[in-house]
Amino acid sequence: MREKIFAIRAAVEEKLTTATTMEQLEELRVAYLGKKGELTSLLRGMGALSAEERPIMGQLVNEVRALLESEIQTRSEQLKKEQMQAQLQNEKIDVTMPGTRQTVGNRHPLTIALDEIKDLFISMGFSIAEGPEIETDYYNFEALNLPPNHPARDTQDTFYITDNILLRTQTSPMQVRVMEKQEPPIRVIAPGRVFRADEVDATHSPVFHQIEGLVVDKGITMGDLKGTLDIFAKKMFGPECKTRFRPHHFPFTEPSAEMDVSCFSCGGKGCRVCKDEGWIEVLGCGMVHPKVLQNCNIDPEVYSGFAFGMGLERIVMTRYGVTDLRLFFENDIRFLNQFKGVEK
Ligand code: DAH
């Protein structure tokens, strides 16, 4: 019996030196000192001992138990200390090290410009309309005076979902949608994504953005159109900016025009940016065609209106001298970061 007790003590003490975690210590305690532990079960075998030996052995077991318990306790405190030291070491912060720089991003140049354009038109009493990117042939073409087989459809080939449902090629269908819902006076802009079956190159993309504008009221004239768009151009390209209107053709406006702005780079003298023209084309516009008003149940004898449509990418390219449209969609941070400073 005595030998067994000493063997248990030696075993526990040896294992104590190799235990490295609190869990191992606890396992050790349970295995030897726990209710079903080896030392405890020795007590159960005491019945076999003689009356003289029994108290002596009982005392010895208890002494060894007390000793082992205190040794386990000591080891456990030592382990805790070691763990704390290790943790402190691990979490040590060297306050003299340079910090990790948090880079702050910026909005996309198209978003910056669009927000500015929205603010500008809101300040002139316009509201903002949004509509579907998946359109019907009726809204995208027919209601805008582009019946099937109209030659002007050729330049706006798009992605068809069915013969009748397509990805809109322009934001102009929003003119019809707004006029159907709202009675004059109307003053809206409708920005959004448009789609065309174009190959990607420096000036074309199958997805790009337009901003449509529409004003309908009694007595609206070409003078209102020119005045409004001239203010827009000066806000967008600077107070020195001049505008000019060239006759053009759009099926849904009559008369129609294209607006040019004087080249921001040379001021109109002619340079590489404007290809020696002195002018840069920025948008299409015109007086809303009487047929389009009629299609929306607005009496062209009572009301008149003007409309305009511009490409957002083109405006931003003109403004910042960006020469490749693809840069807007490639998400190259070296390009995007250059617009950090231009937010107002
Ligand atoms: N929707 C035309 C296009 O994509 C642009 C346009 C021209 C819109 C004249 C208009 C407008 O509202 O009056 O080419």
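This is a guided tour of one predicted protein model, stop by stop.

**Whole chain**

Start with everything shown as cartoon. The protein has 12 helices and 9 strands. Its radius of gyration is 42 Å, well over the 20 Å that the globule rule gives for 344 residues, so the protein is more spread out than a compact globule. Align the view to the principal axes: the C-alpha trace spans about 130 × 50 × 35 Å.

Now switch on the surface. About 19700 Å² is exposed, and carbon and sulfur atoms supply 52% of that area. Of the 344 residues, 42% count as buried. Contacts reach far along the chain: among those between residues at least 6 apart in sequence, 66% join residues at least 24 apart. Colour by charge next. There are 41 positive and 50 negative charges, and their mean positions are 5 Å apart.

**The aromatic cluster**

Select Phe 121, Phe 126, Phe 232, Phe 306 and Phe 308. Ring pairs link these residues into a cluster. The whole structure holds 9 aromatic pairs. Zoom in on Phe 121 and Phe 308. Their ring centres are 5.4 Å apart and their planes meet at 25°; under 30 degrees counts as stacked, so this pair is stacked.

Which elements does the pair tie together? Phe 121 belongs to helix H5 (residues 109–123) and Phe 308 to strand E9 (residues 304–311), so the pair joins parts that are 187 residues apart in sequence. Are the two rings' residues buried or exposed? Phe 121 has 0% relative accessibility and counts as buried. Phe 308, at 1%, is buried as well.

**Helix H10**

Move on to residues 312–320, which form helix H10. This helix is mostly covered, with 7 of its 9 residues buried. Show side chains for Leu 312, Glu 313, Ile 315, Val 316, Met 317, Thr 318 and Arg 319: these are the buried ones.

What covers them? The cover includes H5, strand E5 (207–217), helix H8 (222–237), strand E8 (279–288), E9 and helix H11 (327–330). H5 and E9 also carry the stacked phenylalanines from the previous stop. Step past the end of H10 to Gly 321, where phi is positive, near 65°.

**Two cis peptide bonds**

Select Pro 184 and Pro 185. The peptide bond from Pro 184 to Pro 185 is cis, with omega near 5°. Pro 185 sits in the loop between helix H7 (173–181) and strand E4 (186–195).

Then select Glu 254 and Pro 255. The bond between them is cis too, with omega near 0°. Pro 255 is placed in strand E7 (residues 253–262).

**Two asparagines with positive phi**

Go to Asn 297. Its phi is near 60°, a positive value in a residue other than glycine. Asn 297 lies in the loop between helix H9 (290–295) and E9. Its relative accessible area is 75%, so Asn 297 is exposed.

Asn 331 comes next. Phi is positive here as well, about 60°, although Asn 331 is not a glycine. This residue is in the loop between H11 and H12. At 54% relative accessibility, Asn 331 counts as exposed.

**Three more asparagines**

Select Asn 145, in the loop between helix H6 (137–140) and strand E3 (165–167). Asn 145 is buried, with a relative accessible area of 15%. Which residues does Asn 145 contact, leaving aside its neighbours within four places in sequence? They are His 150, Pro 251, Phe 252, His 289, Lys 291 and Val 292.

Asn 164 lies in the loop between H6 and E3. Asn 164 is partly exposed, at 48% relative accessible area. Not counting residues up to four places away in sequence, Asn 164 touches Glu 135, Thr 136 and Asp 137. Draw a distance from Asn 164 to Ile 122: C-alpha to C-alpha, they are 34 Å apart in space and 42 residues apart in sequence.

Finish at Asn 337, in the segment after helix H12 (333–336). With a relative accessible area of 34%, Asn 337 is partly exposed. Draw one last distance, to Ile 165. The C-alpha atoms of Asn 337 and Ile 165 are 38 Å apart, and the two residues are 172 apart in sequence.

Key. Residues numbered from 1 in each chain as written. Predicted model: local features only at pLDDT ≥ 70, side-chain atom pairs only at ≥ 80, totals over all residues. Heavy atoms only, no water. Helix = DSSP H or I, 4+ residues; strand = E, 2+ residues; numbered from the N terminus. Rg over C-alpha atoms; globule rule 2.2 N^0.38 Å. Buried < 20%, exposed > 50% of the residue type's maximum accessible area, 1.4 Å probe, protein only. Contact = heavy atoms within 4.5 Å. Areas by Shrake-Rupley, 256 points an atom, 1.4 Å probe, with all protein chains shown as cover. Lys, Arg positive; Asp, Glu negative; His and termini not counted. Charge placed at Lys NZ, Arg CZ, Asp CG, Glu CD. Phe/Tyr/Trp six-rings, centres within 6.5 Å; stacked < 30°, edge-to-face > 60°.
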